[in-house]
Each structure stands twice: as C-alpha cells, then as structure tokens.
Amino acid sequence: MSYTFDKTSSIILLALSILFIFQATQISDSAYGSTVGPKIFSLGLGIILDLLSLQLFYESWKKAVRERVTGGSTTSSKIASTEL
C-alpha cells in the first residue's frame, strides 16, 4: 500500500476543504432572518471533508510508522490462489 499517496491526497483534500469552508462563509445569509441559511449545508460539507482528510492523514502516518518500527508490512502481501 502506498502511504505517500494517502498522505499526499489527504493534504490536497485538506487544502480543498479549507478553500471550500472559506468560500462557504462568503455566501449571503438567509433573506428571511432564519439561522439556517444556504451556507449551513456547504459549511457542514467542508467541515466533514476537513475531518475526514485529517483522519486519513493520521491513519496513513500511523501505519507507516508502525511498518517502519516492525520492519515490514503489517498485513500479508501474498495472495492465496483461492482468492484469485
């Protein structure tokens, strides 16, 4: 498994989520004075993307460190012929 790809994609997704959250705050408020306006949904999606990208980065970093400490892969890379 390529942990560098996971780390790189999580950093790209984190930057995208920060941009998404920033742009979501630029949306105008609701015209009727309601607290739930058009920016709430997009702001929520940006926060969820932010949290998921941080989780992906943490898990890939943790697995890479564990693999480096143990000296090998944590899972067996050999595939049995019955699985093929």
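Which side chains are joined by a polar contact of 3.5 Å? They are those of Y3 and E67. Before going further, keep in mind that this is a predicted model.

**The overall picture**

Let's step back and look at the whole chain. It has two helices and zero strands. Helix α1 covers residues 3–25, while helix α2 covers residues 38–70. Of the 84 residues, 14% count as buried. The accessible surface adds up to about 6,700 Å², and carbon and sulfur atoms account for 67% of that. If you take the contacts between residues at least 6 apart in sequence, 62% of them join residues at least 24 apart.

**Around Y3**

Back to Y3, which sits in helix α1. With a relative accessible area of 15%, Y3 is buried, because anything under 20% falls in that class. Apart from neighbours within four places in sequence, Y3 is in contact with S60, K63, A64 and E67. So E67 turns up both in that contact list and as the partner in the polar contact with Y3. Y3 and W61 are also worth a look: 58 residues separate them in sequence, yet their C-alpha atoms are 7.4 Å apart.

**The aromatic pair**

W61 leads us to the next feature, as the structure holds one aromatic pair. Its members are Y58 and W61, with ring centres 6.3 Å apart and planes at 40 degrees, so the pair is tilted. As background, a pair of aromatic rings is described by the distance of the centres and the angle of the planes. How are Y58 and W61 placed along helix α2? They are three residues apart, which means about one helical turn lies between them.

**A nonpolar patch**

Y58 and W61 also belong to a nonpolar patch on the surface, together with I11, F57, V65 and V69. These residues have about 590 Å² of accessible area together. Helix α2 supplies the largest share of the patch, five residues. F57 is one of the patch members, and it is found in helix α2.

**Comparing exposure**

Here is how some of the residues in this report fare for accessibility.

| Residue | Relative accessible area | Class |
|---|---|---|
| Y58 | 46% | partly exposed |
| W61 | 44% | partly exposed |
| I47 | 40% | partly exposed |
| F57 | 33% | partly exposed |
| S42 | 13% | buried |

**S42 and I47**

Two other residues of helix α2 round off the tour. S42 has its place in helix α2, and its relative accessible area of 13% makes it buried. Which backbone oxygen does the side chain of S42 reach? It is that of K39, at 3.2 Å. Leaving out neighbours within four places in sequence, S42 is in contact with F20, A24 and I27.

I47 is found in helix α2 as well. Is I47 buried or partly exposed? I47 counts as partly exposed, at 40% relative accessibility. The C-alpha atoms of I47 and S17 are separated by 7.1 Å, although the two residues are 30 residues apart along the chain.

Methods:
Residues numbered from 1 in each chain as written. Predicted model: local features only at pLDDT ≥ 70, side-chain atom pairs only at ≥ 80, totals over all residues. Heavy atoms only, no water. Phe/Tyr/Trp six-rings, centres within 6.5 Å; stacked < 30°, edge-to-face > 60°. Helix = DSSP H or I, 4+ residues; strand = E, 2+ residues; numbered from the N terminus. Buried < 20%, exposed > 50% of the residue type's maximum accessible area, 1.4 Å probe, protein only. Patch = residues over 30% accessible without salt bridge, like charges linked within 9 Å, V, L, I, M, F, W, Y side chains within 5 Å. Areas by Shrake-Rupley, 256 points an atom, 1.4 Å probe, with all protein chains shown as cover. Salt bridge = Lys/Arg side-chain N within 4 Å of Asp/Glu carboxyl O. Polar contact = N/O pair within 3.5 Å; in protein donor to acceptor, adjacent residues only side chain to side chain. Contact = heavy atoms within 4.5 Å.
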